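Trainee: Could you take me closely through the charged side chains of this protein, and above all through the salt bridges, and then set them in their surroundings?

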Amino acid sequence: MKKKILIVTPKFPFPAYGACEQDRAAGIEQFIGWGYEVSVLTKVSSEKYKKEAETLSAALGVPICAVSYKYLRAGMSKTQKIKNFWGRLLRPWYIDGAAYEYTDPEIQQELIRILDDFKPDLVWFDYTYLWPLFRFVKKRGIPIVTRSINFEAVHFLEEDGRNFLNYLKFLPKLLSEFISGRSSDILFAITPDEEKLYRKIRSQHVVVLPLRGISSYLSFKANLKDSRPLHVFFFGSTYNVAHNRAAAEMLLREIIPLVQKTFLGEFHFHIFGAKLPAHLEALCVDGVTHHGYLPLEELNTVFEGMDIALIPSLYGAGMQQKIFEPLARGFPTLVSPRGIAGYPFYPEEHLLSADSVEDFVGALGKLRDLNLRKKLSEKAKEQASALFSYDRKAGNIRRSLDELLLNSPKI
């Protein structure tokens, strides 16, 4: 008999534009491919996405229940905003607005309906802030699996800044991580560094699960060549994300001008990703090309002309795809060491690393050597294949879930 899995996921992940959406979409498709009987409960930001969810439900042959966002959406009435404010203030553990969204009676009622009608063998929650729904699952004795996309409390401070008000907001976010970690039968952390954080707060069973979309890039191969100028690229899914924007600013204002002064005419730079601010786009001149967002097929074509990935990472938690996708594709990559997040990619063996502007410039100068680029490309591809292959990630998930289901009192 097929095992049944209910996947509860935030904002509907199709079409899968960004790394987070790709990870969640790959998860749904993965469970279908493994022969699970799948049901999906998700949130949508508009009627357009609700209709898209219905269309995809028919295409995949799985029920998808889409519930509109209530508390996080724009256009709330003044009365709704006041009610929202006091609802969170009077219950400090809901100051984390992402968690408060899941106190929504509609999604709770839909969850109860699906639990009682579908009777899943386990419930998979995408993201730790969905914990307000856990009690309905616990009450029925169904195992809970949580996928963490980042340790949200740390991510929040790094993205929004360390000040008194943000430290107050940090506490309920830390509580969310604590509740999810302690309440989940399995918690899939996204990096080795974050696995350690979850173990520190004594989560029950923590397993590292990289971004599930990364394995799709292992089939690509960087086109290494001895030519000038060398084409260097940086990309993030969107520059609305603070750490992507900060990295692009450092690159455009500090690193590129010094490279152009030090190595005249040796490098041409390319910036990929959506919503680059106008003041940064204005710097994309004289040896810098701004491409914006490109669909995957077009991006793959443009990448055939790229030589080096240069990815500063000043802050941000989780697994930053802009770093690991180039490694999976086999590009010689120059990164900030903090962005590797505990994965075993080592400087001078799999990549080059730098912290300061001067170090980035010096390391980029070293990458003019074709033999060094070939060596890093080969080793990066080899290591990425070992760490991020579909079979390895699938094996980690299936072993963990098989053990959980075997030991579940429901079975």
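Mentor: What follows looks at the salt bridges first, then at the surface patches, the backbone details and the overall fold.

Please keep in mind throughout that this is a predicted model. In it, the structure holds 19 salt bridges, and a few of them repay a careful look.

I would begin with the pair K173 and E152, whose side chains meet in a salt bridge with an N to O distance of 3.8 Å. Since K173 lies in helix 8 and E152 in helix 7, which covers residues 152–160, this pair ties together parts that are 21 residues apart in sequence. Both K173 and E152 are buried, and the cut-off behind that word is a relative accessible area under 20%.

A second kind of pairing stays within one helix. In helix 9, which runs over residues 192–200, R199 and E195 are four residues apart, so about one helical turn separates them. Their side chains form a salt bridge in which the closest N and O atoms are 3.0 Å apart. The two partners fall into separate classes of exposure, because R199, at 44% relative accessibility, counts as partly exposed, while E195, at 19%, counts as buried. The value for E195 should be read with the cut-off in mind, since buried means under 20%.

Helix 10 offers a pair with a like spacing, for R253 and E249 are also four residues apart there and are separated by about one helical turn. The closest N and O atoms of the salt bridge between R253 and E249 are 2.7 Å apart. Here R253 has a relative accessible area of 43% and is partly exposed, and E249, with 27%, is partly exposed as well. Beyond such pairs, there is a network in which K43, K70, E101, D104 and E106 are joined into one by salt bridges that share partners.

Helix 10 also leads us to charges outside the salt bridges. E254, which is found in this helix of residues 242–262, belongs to a negative surface patch together with D355, E358 and D359. Why can E254 take part in a surface patch? A patch is made of residues with over 30% relative accessible area and no salt bridge, and E254 is partly exposed, with a relative accessible area of 42%.

Helix 8, which supplied K173 for the first pair, likewise contributes to the surface, though with nonpolar side chains. F164, L165, L168 and L171 form a nonpolar patch there, and together they have about 450 Å² of accessible area. L165 is found in helix 8, which spans residues 164–183, and at 51% relative accessibility L165 counts as exposed. Helix 8 thus holds both the exposed L165 and K173, a buried partner in a salt bridge.

Some charged residues deserve attention for their backbone rather than for their side-chain contacts. K119 is not a glycine, and yet K119 has a positive phi of about 55°; this lysine is found in the loop between helix 5 (105–118) and strand 4 (122–126). K275 has a positive phi too, of about 65°, again without being a glycine, and K275 lies in the loop between strand 9 (267–274) and helix 11 (278–281). With a relative accessible area of 57%, K275 is exposed.

Another charged residue, R228, stands before a proline, and the peptide bond from R228 to P229 is cis, with omega near 0°. P229 lies in the loop between strand 7 (206–208) and strand 8 (230–238). A cis peptide bond also joins F14 and P15, with omega of about -5°, and P15 lies in the loop between strand 1 (4–11) and helix 1 (19–33).

Finally, all of this sits in a fold whose secondary structure comes to 16 helices and 13 strands. The radius of gyration is 22 Å, close to the 22 Å that the globule rule gives for 411 residues, so the protein is as compact as a globular protein of that length. Taken along the principal axes, its C-alpha atoms fill a box of roughly 65 × 50 × 40 Å, and buried residues make up 56% of the 411 residues, with K173, E152 and E195 among them.

Key
Residues numbered from 1 in each chain as written. Predicted model: local features only at pLDDT ≥ 70, side-chain atom pairs only at ≥ 80, totals over all residues. Heavy atoms only, no water. Patch = residues over 30% accessible without salt bridge, like charges linked within 9 Å, V, L, I, M, F, W, Y side chains within 5 Å. Areas by Shrake-Rupley, 256 points an atom, 1.4 Å probe, with all protein chains shown as cover. Salt bridge = Lys/Arg side-chain N within 4 Å of Asp/Glu carboxyl O. Lys, Arg positive; Asp, Glu negative; His and termini not counted. Charge placed at Lys NZ, Arg CZ, Asp CG, Glu CD. Helix = DSSP H or I, 4+ residues; strand = E, 2+ residues; numbered from the N terminus. Buried < 20%, exposed > 50% of the residue type's maximum accessible area, 1.4 Å probe, protein only. Rg over C-alpha atoms; globule rule 2.2 N^0.38 Å.
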